Amino acid sequence: MTYCLFCKMVNGDIQPDVVFESDDVLAFHDIDPKAPVHILIIPKRHISTLNDLDEAELGGQL
Ligand SMILES: [Zn+2]
């Protein structure tokens, strides 16, 4: 199983500056911001590529 940087954030091994969290997503300030406000929103489920999205995620049921 792939365990990437974002998975480490979701699992708490790395603790980003979280601004929002739900069952499905985590939003946090980028560690190297390119704008005055630079927030990343990531899915909590590991998704390697767009091809790995399931039908609900593609169809707008997020
Ligand atoms: Zn991951």
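**A three-stranded sheet between two helices**

In this predicted model, three strands form an open sheet in the order β1-β2-β3, and their pairing is antiparallel. Strands β1 (18–21) and β3 (39–43) stand at the edges; each has a single partner strand, so one side of each is left without a neighbour in the sheet. From one strand to the next, the twist averages 15°. As background, the strands of a sheet pair through backbone hydrogen bonds, and this pairing may be parallel or antiparallel.

It is useful to place this sheet within the chain as a whole. The protein chain contains 2 helices and 3 strands. Read from the N terminus, its elements follow the pattern α-β-β-β-α. The C-alpha atoms of the chain fill a box of roughly 35 × 25 × 20 Å, taken along the principal axes.

The pairing of the strands may now be followed in detail, beginning with β1 and β2. These two strands form a hairpin, with 3 residues between them. They run antiparallel and are joined by 3 bridges. Valine 18 has phenylalanine 28 of β2 as its bridge partner, while phenylalanine 20 stands opposite alanine 27 in β2.

On to the pairing of β2 with β3. Strand β2 (residues 25–29) is joined to β3 by 5 bridges, and these strands also run antiparallel. Valine 25 stands opposite proline 43 in β3, and phenylalanine 28 stands opposite leucine 40 in β3. Phenylalanine 28 therefore takes part in both pairings, with valine 18 as a bridge partner and leucine 40 opposite it in β3. In a regular strand, the side chains alternate between the two faces of the sheet.

Isoleucine 42 offers a closer view of one strand residue. This residue belongs to strand β3. Not counting residues up to four places away in sequence, isoleucine 42 touches Phe6, Val25 and Leu26. The C-alpha atoms of isoleucine 42 and alanine 27 are separated by 6.4 Å, although the two residues are 15 residues apart along the chain. How exposed is isoleucine 42, given its count of other C-beta atoms within 10 Å? There are 19 such atoms, so isoleucine 42 is partly exposed; a residue counts as buried at 20 or more.

Alanine 56 provides a second example, taken from a helix. Its place is in helix α2 (residues 55–58). Alanine 56 has 9 C-beta neighbours inside 10 Å and therefore counts as exposed, since the limit for that class is 12 or fewer. Alanine 56 and histidine 38 are 18 residues apart in sequence, and their C-alpha atoms are 28 Å apart in space.

Two values for the whole chain complete the account. Of the 62 residues of the protein chain, 0% count as buried. Among the contacts between residues at least 6 apart in sequence, 16% join residues at least 24 apart.

Terms used. Residues numbered from 1 in each chain as written. Predicted model: local features only at pLDDT ≥ 70, side-chain atom pairs only at ≥ 80, totals over all residues. Pairing = 2+ DSSP bridges. Helix = DSSP H or I, 4+ residues; strand = E, 2+ residues; numbered from the N terminus. Axes fitted to C-alpha atoms, helices over the stretch in contact; angles between N-to-C directions. Contact = placed C-beta atoms within 7 Å.
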